[in-house]
Structures are given as structure tokens and as C-alpha cells.
Amino acid sequence: MKTMYPNAEDIANGSKDDHKARKKFLNPSPDIDGGWAWMIVLASFLIHILIMGSQMALGILNMEWLDEFNQSRGLTAWVSSLSMGITLIVGPFIGLFINICGCRKTAIIGGTLNGLGWILSAYATNVQYLFITFGVIAGIGSGMVYLPAVVMVGQYFQKRRALAQGLSTTGTGFGTFLMTMLLTYLCKEFGWRNAMFIQGAVSLNLCVCGALMRPLPSSEQSERRAEGKMAVNDSEKTLQLSEKALTPNGLLNKAEEKGELATADVTDPLPLIKRTETRRNGIAFKDMYALNILKAISHTTVTIKKGFWSWYSSYFGTTSLFTNKVFVAFVLWALFAYCSFVIPFIHLPEIVKMYNLTEQNDIFPLTSIIAIVHIFGKVILGIIGDLPCVTAWNVFLMANITLGVSILILPLMHMFATLAVVCALIGFSSGYFSLMPVVAEDLVGIAHLANAYGIIICANGISALLGPPFAGWIYDVTEKYDVSFYICGLLYMVGIVFLLLKPCLKTNPQSEKDTTSNGQA
């Protein structure tokens, strides 16, 4: 006869199963480097199309605003510069939002603001009105979507980080190509006001992209989930063992299987309990409702405090990111470099008109050449950056040098063919943007990526905010864009000098430790 109680072998097997189950539950999320991670890449790709692509195509609207409001080129250029600049400048503050609300909620709120900014801009009566609606409102909304799109890809990928960032940021190239064609068509068919209204409706799809940003479970949540699953498994095993102990050979009586259990004539206490609960239901419900409100307020307060102090310590605490000298050099590069990068996109249509190349440009726009080659540049540089024989930093540095030289020599090209070649070089080398999050993560670690990347794009934003108006102001004085391209190209080379200082600077040991621990996770 089989024993009715669990023996030592059963217990040993059970503990082995428990160990395997606990190890399985505590493993990293299966979505890392696969599964939902590719949906994050898709969402980030679409966000780059709708935000960065449309901003790179603002040269079309800039010409419409010049004709509509009859203002100077320098003043009118401030509209697109504000939009680009504020999108990036708000990065550090968006990092605070992400620490408190998470990437998903931040992106959904930002998508709503961005669409609202485009729609309100359709009713502009002067350039100053566009400063507020398009520059500030749409710019803040863009920033609230852009930073989560970059951070989420970094969180979901440990291997192939550069490739994933490269694929997602190719949306900028596709977006520049598509949005240039779309805005050109809409402006010709419906006028620039209706074009902005339609674009605002399209931009509301950013909220859908934000909804796809499912947060990864934290280590604490994974532990709690593992303990919960283990508790359920333990309970099930206990019930099974008890069942075996109480029934011979583990079989139930046929009458029990049919539900024909003998019932004793005992007074059922259930109605009494129900009556008591009914009398107390009103009071209990009110108490539970008040308790839930207090718990929600307490949880929100703790979340806000935790997020704020995490954000504050990254900037001003003893473990501040600014104690990392290489990171500071990286920020200085971003401050000098980005103004040169945006100038071709803003002022290239004017150069085409100046050199009487409008007919050739209408057949195949130079901005579209930059956009198409930019797509391949991001993917190819991302693949190269993931190779074990090279470092992402070296690939990033070489791409920057190529871009700086290309911007310097662009005004010397007076033929469409030579302009097209230089624009292709600009497009390919500017693919280094896919490596920026990877390089930043290598410098500070994944835990500080949101705040660090917020600082970097803030520096980019300041540069983008001042660059195009500066170039427009120089044109108003000299009536030539050559000088502005030369000056901004030289500023880009100054930024590259800060990157070349890396071997002379010592990386913060804390950052190295964070990076190593995150790489091994």
C-alpha cells in the first residue's frame, strides 16, 4: 500500500523544483533584446519620423512664413530654431518627468501638446504668435516624446544597442524625406495654414506611440512576482500532498465525483454573515474608499520624492554626472557642434535659390538626398559600432570629423552635382546620432542614461537655438551665407577638439562601476 504522507524523496524533489522555479522567475525580462523590445524600436522609429523628420523639413514652412509676414530672415528663423531648440533644451526637466511618471505617461502628454501646438499655429497672425504656439508649446511636447523614445530603446537592449538605436533613429531620415514631400504638397494644395492643421492631427499619433512604451518590471517587482508565484506553487503542492494523504491511492469516492455528498441538517451560518455585512456595507465601503484615497496620495508623494531626489542627485549630488570629466567634454562638444548640423536643413533651400539651382532641386531635393543617405548612415554606423574589433567612441569621432569638414566645404560647391555629393557626406556622417545614446550609456551607465542624455540634448538644443538665427543675421549683414557656414563649421571643429581630449581625461570610477555592473546584468 502506498504511503499517505510525503517522504524525504518528495521533499527533496520539491526543493529542487522550487530552486529552478525561483531561478527562472528572477531571470531578466524575456523582452530584453527581443519580443516587445522590437515594438519599442518601432514606436521610437515612428516618433523620429513625426518629430525630428518634421523639424528637419521646416525649411518649407520657413519660406512660407517669410512671404506671409514679411519679416527679416533672422527673425523668421527663430520660429524653427525655437521648436528645435526647446525640444532638446527641456531634456533635463523631461528627465524629472520620466523619474516620476515613467516614459509612457510622459510621451502621451507630450504627443498631445505637440499636436496642439501645430493646430494653434495654423491661426498665427504674426511671427511672435508662432514663437509661442509652434516654438514653445509644440517644442515642449516634442521634447516630452523624444527623450522617452531614446531611453526606452536603451532599457530594452543590452546587446546590439547601437543597431537598435540606429534602426529607431532612421526615422529622422525617413521623416525628413516624407515630411518634406508632405508639407510641400499640403502647402501647394491647401496653403500653409491648413497644412499645419493637418500635420497637427497627424502628430496626435505620437500618443499611440507613447502607449506602446510598456515599462520593464524593476528588480523589486520581479522579486515580488517571483515570491508570489513561489507561494502559489507551494500552496498547490501542499494541497496535492494533503489530498493524497486523506484519500486512498489519491482517488476520490465516486459519489464525491458526482457531487452526491452527504449533507447534515446543520443551520447554515452564511445568511447571518450576509445580513451582518449588509448592515455594515455602507460604513465599510466609505472607510475603504477613504483608505484607498490616502494610499494613493501616499504612494504618489513617495514616487514624486523618490523621482525628484534621483533627478537632483544626478545634477547636484556627490555622484553628480558633472564629476565625470569625459562626460563634461562630451557635453561641451554637443554645445558647440549642433548649431552647424541644423544649418543645412534650415538654409539649404535659400542656397539652392541663390545659385539658381531650383529646377534641379525640384526634381530631386538636396534635403531628400541628406535624408536618404542619413538612413543608411545610421544603420551602417550602428552595425560598425557593435563590432567587437572597434569601439563606438572611435566610430562616433570619425563620423563627426567627416561631418565638420563637409559643412565647411559646402558653400564652395556651386554646381548641383557637387552639392549633392557633399549633402550625401553630411547625411551619412550625421548617422552618428544613432551612437550618441550608446556612447552616453558607456560613459555613465544605464541607470543614469535618462538624466545624462537629457543634459546632452539640452546642450544640443542651446546650440540649435542660436545657430540658425545667427546664420540668418550674418546673411542680413553680408547678403551671403558663405560666412555663416564657415563660422559654424569652425565651431563644429572646436567641439571635436573636446572629443579628442578623452585620452587626457580620467573617467569617474563610479561611472565605470555603474557601466560595468549594467553590462554584466
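Is the crossing of H17 and H21 left-handed or right-handed? I looked this up before anything else, and the crossing is left-handed. I note here that the model is predicted.

**Entry: H17 and H21**

I took helix H17 as residues 392-409 and helix H21 as residues 482-500. Their axes come within 8 Å and cross at roughly 160 degrees. An angle over 145 degrees counts as roughly antiparallel, so I wrote H17 and H21 down as roughly antiparallel to each other. I then listed who meets whom. The H17 side includes Trp393, Phe396, Asn400 and Gly404, and the H21 side includes Phe485, Gly489, Tyr492 and Ile496. Sorted by class, this contact has 16 nonpolar, three polar and no charged residues.

**Entry: the whole chain**

I counted helices and strands next. The chain has 22 helices and zero strands. Of its 521 residues, 46% are buried. I also checked how far along the sequence the contacts reach. Taking contacts between residues at least 6 apart, 86% join residues at least 24 apart.

**Entry: the core and Trp333**

Which residues have the most contacts inside the largest nonpolar core? I found Trp333 and Tyr453, in a core of 114 residues. Helix H7, residues 127-156, gives the most to this core, with 15 residues. I followed Trp333 further, leaving out residues up to four places away in sequence. Trp333 touches Phe396, Asn400, Tyr432, Met436, Tyr492, Gly495, Ile496, Phe498 and Leu499. Some of these names were already in my notes: Phe396 and Asn400 are on the H17 side of the contact with H21, and Tyr492, Ile496 and Leu499 are on the H21 side.

**Entry: H2 and H8**

I looked at a second helix pair. The axes of H2 (residues 37-56) and H8 (residues 161-169) come within 7 Å and cross at roughly 40 degrees. That angle makes H2 oblique to H8. From H2, the contact uses Trp38, Val41, Ser44, Phe45 and His48. From H8, it uses Ala164, Leu167, Ser168 and Thr169. I sorted these residues into five nonpolar, four polar and no charged.

Thr169 of H8 got a note of its own. Is Thr169 buried or exposed? Its relative accessibility is 4%, so Thr169 counts as buried. Apart from neighbours within four places in sequence, Thr169 is in contact with His48, Lys378 and Ser434.

**Entry: Ser368**

I found Ser368 in helix H16, residues 366-386. Ser368 counts as buried because its relative accessibility is 2%. I then checked its distance to Gly175, which is 193 residues away along the chain. The two C-alpha atoms are separated by 9.8 Å.

**Entry: H5 and what follows**

Which residues of helix H5 are buried? In H5, residues 91-101, I listed Gly91, Pro92, Ile94, Gly95, Leu96 and Ile98. Gly102 follows H5 and has a positive phi, near 95 degrees.

**Entry: positive phi outside glycine**

Most residues other than glycine have a negative phi. I therefore wrote down two asparagines with a positive value, Asn70 and Asn356. Phi of Asn70 is near 55 degrees, and phi of Asn356 is near 55 degrees. Where is Asn70? I found Asn70 in the loop between helix H3 (58-69) and helix H4 (73-89). Asn356 lies in the loop between helix H14 (325-354) and helix H15 (358-363). Asn70 counts as exposed, at 64% relative accessibility. Asn356 is exposed, with a relative accessible area of 67%.

Conventions
Residues are numbered from 1 along each chain as its sequence is written. This is a predicted model: local features need pLDDT of at least 70, side-chain atom pairs count only at pLDDT 80 or more; totals for chains, interfaces and linings use all residues. Side-chain values use heavy atoms; hydrogens and water are left out. Buried means under 20% relative accessible area, exposed over 50%, partly exposed in between (1.4 Å probe, protein chains only). Helices (H or I, at least four residues) and strands (E, at least two) are DSSP runs, numbered from the N terminus. Axes are lines fitted to C-alpha atoms, for helices over the stretch in contact, and angles run from 0 to 180 degrees between N-to-C directions. Angles under 35 degrees count as roughly parallel, over 145 as roughly antiparallel, 65 to 115 as roughly perpendicular and the rest as oblique. Contact means heavy atoms within 4.5 Å. Ala, Val, Leu, Ile, Met, Phe, Trp, Tyr, Cys and Pro count as nonpolar, Asp, Glu, Lys and Arg as charged, and the others, Gly among them, as polar. A nonpolar core is a set of buried Ala, Val, Leu, Ile, Met, Phe, Trp, Tyr and Cys residues joined through side-chain atoms within 4.5 Å. A crossing is left-handed if the near helix is turned anticlockwise from the far one by less than a right angle, and right-handed if clockwise.
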